[in-house]
Amino acid sequence: MPLHYHRIIIPVSGGAEDDRAIELVGELAQRHPTSITLVYVVEVQQAMPLDAELPEAVARGEDVLVRSERMTRLRLPTSVDLISTDLLQARSSGAAIVDEAIEQNADLILMATAITIKYGKQVIGEAASYVIKNAPCDVILIRSASDLHMQEALEG
């Protein structure tokens, strides 16, 4: 793992976990020039064309990106050269995130995920699983401790 990252991709979804990723990126980008790309993926169902008009989903994505960019600018040091946003439309969030990392020549994907229970087992989301297996760069995955405790409480 490098001592510093120059190009960081942060997938955002509009949830509380986004805040955790943005706080952590502030620590990672403290002393070195860094560019950050915030990515929101609108997933398109297989039954629809990939370029389908999805105005509500796109509007939500734009709102999430504006909020995330504002939070990022407030929390980051002046060493951050560039904060950009990208709204993607794809069949799979994980594949879109990996493709973006390849296109941006990213050093790091910093993403948050939640633990869910599926068939009695704890699993991470499909996007996070795909990114971990296929990313061309380092991946830092944030999982909130409260996710696991909430699941245990529901089961108990």
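**Stop 1: a hairpin**

Select residues 115-118 and 121-124, strands β5 and β6. In this predicted model, β5 and β6 form a hairpin with two residues between them. Look at the turn and pick Tyr-119. Tyr-119 has a positive phi of about 55°. Most residues other than glycine have a negative phi. Now look along the two strands. β5 and β6 run antiparallel and are joined by four bridges. To see a facing pair, show Ile-117, which stands opposite Gln-122 in β6.

**Stop 2: another positive phi**

Step back along the chain to Asn-105. Asn-105 sits in the loop between α3 and β4. Which sign does the phi of Asn-105 have, positive or negative? Phi is positive here, about 55°, although Asn-105 is not a glycine.

**Stop 3: strand β1 and its partners**

Select residues 7-11, strand β1. Four of the five residues of β1 are buried, so this strand is largely enclosed by the rest of the structure. Add residues 34-43, strand β2. β1 and β2 pair in the parallel sense, over five bridges. Show Ile-10 and look across to Leu-38 in β2, which stands opposite. Next add residues 108-113, strand β4. β1 pairs with β4 too, again in the parallel sense, over two bridges. Here Ile-8 stands opposite Leu-108 in β4.

**Stop 4: Ile-83**

Keep Ile-8 on screen and select Ile-83, found in strand β3 (residues 80-90). Ile-83 and Ile-8 are 75 residues apart along the chain, and their C-alpha atoms are separated by 9.7 Å. Is Ile-83 buried or exposed? Its relative accessible area is 8%. The cut-off for buried is under 20%, so Ile-83 counts as buried. What is Ile-83 in contact with, leaving aside neighbours within four places in sequence? Show Ile-36, Leu-38, Glu-69, Thr-72, Arg-73 and Leu-76. You have met Leu-38 already, opposite Ile-10.

**Stop 5: two helices crossing**

Two packed helices are described by the angle between their axes and the distance between the axes. Select α1 (residues 16-28) and α2 (residues 55-75). Their axes come within 9 Å and cross at roughly 35°. The crossing is right-handed. Now show the side chains where the helices meet. From α1, take Asp-18, Asp-19, Ile-22, Glu-23 and Gly-26. From α2, take Val-64, Arg-67, Ser-68, Met-71, Thr-72 and Arg-75. Colour them by class: three are nonpolar, three polar and five charged.

Zoom in on Gly-26 in α1. Gly-26 counts as buried, because its relative accessibility is 6%. Add Arg-75 and draw a line between the C-alpha atoms. How far apart are Gly-26 and Arg-75 in space? The distance is 6.0 Å, although 49 residues separate them in sequence.

**Stop 6: the whole chain**

Zoom out. Follow the chain from the N terminus and tick off the elements: β-α-β-α-β-α-β-β-β-α-β-α. That comes to five helices and seven strands. The chain has 156 residues, and 37% of them count as buried. Take the contacts between residues at least 6 apart in sequence: 80% of these join residues at least 24 apart.

Finish by colouring by confidence. The mean pLDDT of the chain is 84, and 86% of the residues reach 70 or more. Select residues 93-104, helix α3: this element has the highest mean, 96. Then select residues 145-155, helix α5: this one has the lowest, 52.

How values were computed: Residues numbered from 1 in each chain as written. Heavy atoms only, no water. Axes fitted to C-alpha atoms, helices over the stretch in contact; angles between N-to-C directions. Left-handed = near helix turned anticlockwise from the far one by under 90°. Contact = heavy atoms within 4.5 Å. Nonpolar A, V, L, I, M, F, W, Y, C, P; charged D, E, K, R; others polar. Buried < 20%, exposed > 50% of the residue type's maximum accessible area, 1.4 Å probe, protein only. pLDDT = per-residue confidence, 0-100. Pairing = 2+ DSSP bridges.
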